[in-house]
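Student: I'd like a close look at one part of this model. Could you pick a spot and walk me through how the pieces fit together?

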Amino acid sequence: MVTRGAGAGRALVLGLMLVGLPSLLLLPLSTGPTAGTPPMEVASTPGGCAYPLMDTNLSGSLVVDGGPLGPSAAGNVTVTIGYSAPYRVYNLANGTLGGFGCTSETTTATTAANGSFHATLSVPPQHCTMTSGGWVCDVYTTPTGPVIAASADPTPSGYALSQRSGPIGPKLSLSFVWELASVTIAPGGATIGLSSDAPSPFVATGWMANGTPSPLATVFAWTLAGSGWSFDGGSEGAAVRVVGATGAALGNLSVRASAEVGTTALDPPPVAVNLLSVATTIAKATVDASVVDAGGTVTVSLTGSGAAGYSYGAWVDPGLGLAPVPAMCSEGAPSQGVLPLSCATTLSYPAAGLAMPSVNLTNGFSTATEALPPVTVVPSAELVLRPTAPVGYVAARLPLDLEAVNGTGVTPYLEACVASGDGTIACDTGPGPSWSFDSVYPAAGSYNATAWTIDGGGTNRSLTFPVMIVPPLAVGAIALNAPNMTAGVPVVLSTQVAGGDLPARFWWNLSGVAVPAASGLLTADGTVSTGFLPGGPGVVGATLVVADALGSVVRVQARFAVAAAPATRVVPTSVPPPPSVVDGSVVRLGWVALDRAGEPVPSFAPALELVLGSAVGVPRAWVNASAVGPLEPLGEGAYAVPSSAWFGGELDLTVVPASAGTLSVALVGSAVPGADPRVNLTVVPDTRQVRLLAPLVRADQPRSNATFWRVEDRFGNAVPGAVLSVVYDFGGKSTVREVTAVATAGGESGVWINYTAPIAGGGTVTVVDAAGVTVLGPLSVPAAPPTVPLPAVVLTAAGLPLVAVGLFAVVRRRRRVEPEARRSGEEELLRLAEGRERLLGILRRIGPADLAAIEAAWQPPPAPPELADWLASLVADGTLGATWGPDRTPRFRVSRTAPPPPIELDAALLAEALRRRDDEALSA
């Protein structure tokens with residue numbers, strides 16, 4: 001037990017108590033249940049079987065299905081029944097499921113005279129086994145399927161035992177089934193129509209009495225009768241192929257099946273089908289025209305028939321060396337194995353000649369061929385129009401010439417006509433082969449015109465052509481995209497072009513330019529334009545020439561005066577700005593006014609405003625102009641820039657920012673051309689010159705202190721990252737430790753100033769900024785009071801550094817915590833364990849260090865008052881080693897060897913010494 005007021009000795013006693021802790025782990029183990037302990041209740045679901053649970057009482061029946069035996073053969077038969085028993089394995093010591101499984105079980109039953117039987121499905125009893133881990137029990141549940149039945153007695157010859165019920169259920173139906181009761185032929189029927197010359201397959205199948213395929217090795221004997229019929233291949237086995245020649249008589253195919261089981265012969269009645277050989281035939285084939293123009297089409301139609309059950313196709317050979325053309329066929333309803341067919345297709349003859357077409361109809365085995373009537377192909381009239389795509393002006397005569405190509409069509413021609421597309425038709429009954437027409441269109445637009453002729457054979461040939469009627473070409477006056485021309489300012493010259501036969505060509509010519517300024521094609525009514533950059537004041541002449549596809553030419557001209565150029569932008573002269581500037585620094589900024597050509601405009605001198613802005617409010621700054629001095633502040637970050645501040649179109653300013661952050665400097669006013677010229681600066685705080693204020697004291701003792709100070713630069717800006725030096729002057733020796741400011745809430749910054757007297761004597765502590773200016777102190781630190789001698793205490797395996805740290809911890813802890821209420825023992829022990837772990841982590845990270853360095857490394861600062869106590873306890877139990885440093889200050893490190901022998905402590909003497917010291921300290 002740790003008593004109140006034990007001080008540093010409390011840690012030493014705790015270390016001695018921890019040595020004996022392992023003995024507390026030696027506890028006796030409890031035993032499992034004794035034999036006869038009832039097993040835990042288990043669920044009735046199966047453990048590892050794949051089928052659901054079933055009733056333990058099973059009933060069934062056995063019957064005779066087919067064959068020579070009567071119903072009495074199902075009596076007095078021993079039936080073997082197989083099923084499954086699920087189980088689970090339970091560990092009673094911890095109440096867990098250790099596994100599950102499934103066993104196979106069997107039982108038997110004997111049928112009554114009528115074939116009925118009953119059976120009980122039982123499962124093994126549960127049993128438990130004692131193991132090293134406790135009792136383990138196997139628990140069986142109700143039986144599960146599948147139920148598999150077999151006959152324990154010999155099955156009658158020619159019969160097979162069949163289980164007709166499902167795999168699971170309270171009723172089991174069995175039967176002795178005759179294994180070959182019938183035979184069938186597929187395909188079957190009274191009469192089957194087969195295509196001539198097509199090998200047709202037939203398959204025989206033997207069946208048990210219950211309608212399932214026979215499992216016996218069955219022998220099939222085939223018989224084929226009829227003239228013109230033969231087997232394609234052998235006639236043995238379950239499958240044969242039969243071929244009927246074209247014109248074969250009615251045939252007959254029969255099959256007999258037989259099998260033997262021991263000495264028992266199974267021979268069901270034979271089956272047979274009649275066979276009809278059906279040839280493919282064409283009944284009629286026609287064409288819809290015997291004379292056709294080249295490029296014309298002829299429709300071919302045919303009707304025919306073939307055997308049902310086959311796929312049919314027809315092909316037409318057009319003649320004249322053309323490739324065969326497939327015909328689409330449709331099928332009718334078959335009658336007595338004969339399938340009616342209808343086929344049709346279209347033939348196209350591209351050239352003149354005498355065609356002798358033919359057609360065939362086939363299913364791949366039987367083919368019918370028929371010759372079609374001849375077709376005469378004559379050249380058709382070929383018309384030529386000049387011009388091919390006529391274009392004309394509104395209300396003007398448009399001549400058209402129509403001609404039939406020599407050698408085409410039947411001469412003489414009967415007539416030729418032109419439908420203009422506007423509702424008028426003109427015809428010429430001359431014999432041809434050429435005709436002329438004149439058309440006049442009253443309105444512009446696109447027309448679809450048609451020309452046609454009828455040759456001597458009565459064939460009408462026509463062609464359709466587009467006619468484009470356009471208004472006369474018109475060009476408007478040349479205009480500018482601006483009120484006037486200005487030197488150095490680009491302008492666009494443009495005009496509107498309408499009408500004419502497009503595309504039209506155009507050329508721009510400008511005075512002072514030796515070659516055309518621009519040229520091109522105009523494909524639609526619209527604007528024709530060109531860009532122009534006037535070089536200087538004066539007069540410019542412009543000419544546009546437009547010529548359309550019909551040869552019409554239009555020319556327009558214009559003259560323009562060119563004025564001098566104004567300022568078009570104001571740009572910063574110090575671009576880019578420096579990456580960052582320190583607040584309080586002088587920043588030089590300048591702007592210059594330029595025209596469009598980039599030349600300065602000396603006459604530019606308007607009165608403007610200079611606006612300073614930032615993301616956090618109105619920035620503080622001082623602004624001066626080189627010509628007028630300080631600028632007048634207008635409020636909200638704005639300053640007046642008089643016209644006198646400009647010199648030769650340039651403005652020079654100096655800005656001294658006082659607010660940290662992003663600073664924008666912009667010239668604004670209606671006289672500024674384009675966007676407001678702006679310069680962005682990054683202003684950083686002056687981390688070299690700082691001041692401390694608003695201290696927050698966390699620990700204040702005569703020889704130690706922990707205070708958090710707000711820190712800012714001379715303009716009040718936060719300075720996170722600023723480095724200050726804490727100077728210790730003790731015993732004639734000066735030591736410097738650097739501390740860094742950190743950001744705090746509200747956009748401020750602060751720094752911890754912590755110190756502890758490194759020696760027993762007095763000294764001073766001073767804080768200096770990076771510029772070498774003292775910002776705090778010197779602070780006087782008094783010498784430590786004389787120590788109170790302790791009675792003799794025997795300390796073994798501990799050197800001088802441990803004694804020094806232990807005594808320092810005792811005095812320091814008594815002075816810090818005696819006036820306060822003591823916390824409970826459990827809370828203090830928890831804080832002791834956590835503090836020791838964090839102290840070891842710091843020493844592993846920074847290596848050997850004295851008490852002051854450990855306090856400085858503590859995060860977050862300040863270090864707790866109990867630090868020295870924790871340090872002493874770790875040295876006492878050997879976790880830390882201690883040595884004297886060059887300055888006679890103890891330095892501590894994590895031990896790499898085994899801990900020293902336990903410290904022998906006279907607790908009574910130590911308690912009496914601490915009591916006397918407490919009394920003396922309180923009286924002082």
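Tutor: Let's go through one sheet strand by strand, then glance at some ring pairs elsewhere. A word on the ground rules: this is a predicted model, so local features need pLDDT of at least 70 and side-chain atom pairs count only at pLDDT 80 or more, while totals for chains, interfaces and linings use all residues. Residues are numbered from 1 along each chain as its sequence is written, and side-chain values use heavy atoms, with hydrogens and water left out.

The sheet is open and has five strands, in the order S30-S36-S35-S32-S33, with mixed pairing. Strands here are DSSP runs of E, at least two residues long, numbered from the N terminus, and two of them pair if DSSP finds at least two bridges between them. At the edges stand S30 (391-393) and S33 (425-428); each has a single partner strand, so one side of each is left without a neighbour in the sheet. From one strand to the next, the twist averages 25 degrees (axes are lines fitted to C-alpha atoms, and angles run from 0 to 180 degrees between N-to-C directions).

Now for S35 (residues 445-454). With S32 (residues 415-419) it pairs in the antiparallel sense over five bridges. Along that pairing, glutamate 415 stands opposite isoleucine 454 in S35, and alanine 419 stands opposite threonine 450 in S35. S35 is also joined to S36 (residues 460-470) by ten bridges, and those two run antiparallel. Threonine 450 turns up again here, opposite threonine 464 in S36. In general, side chains in a regular strand alternate between the two faces of the sheet.

Away from the sheet, the structure holds ten aromatic pairs (rings of Phe, Tyr and Trp, the last by its six-membered ring, with centres within 6.5 Å; planes under 30 degrees apart are stacked, over 60 edge-to-face, the rest tilted). One of them is tyrosine 310 with phenylalanine 365, edge-to-face at 6.4 Å centre to centre and 75 degrees between the planes. Tyrosine 310 sits in the loop between S21 (297-307) and S22 (313-317), and phenylalanine 365 in the loop between S26 (358-362) and S27 (367-371), so the pair ties together parts 55 residues apart in sequence. Tyrosine 310 is buried at 18% relative accessible area, whereas phenylalanine 365 is partly exposed at 41% (buried is under 20%, exposed over 50%, partly exposed in between, with a 1.4 Å probe and protein chains only).

How values were computed. Helices (H or I, at least four residues) and strands (E, at least two) are DSSP runs, numbered from the N terminus.
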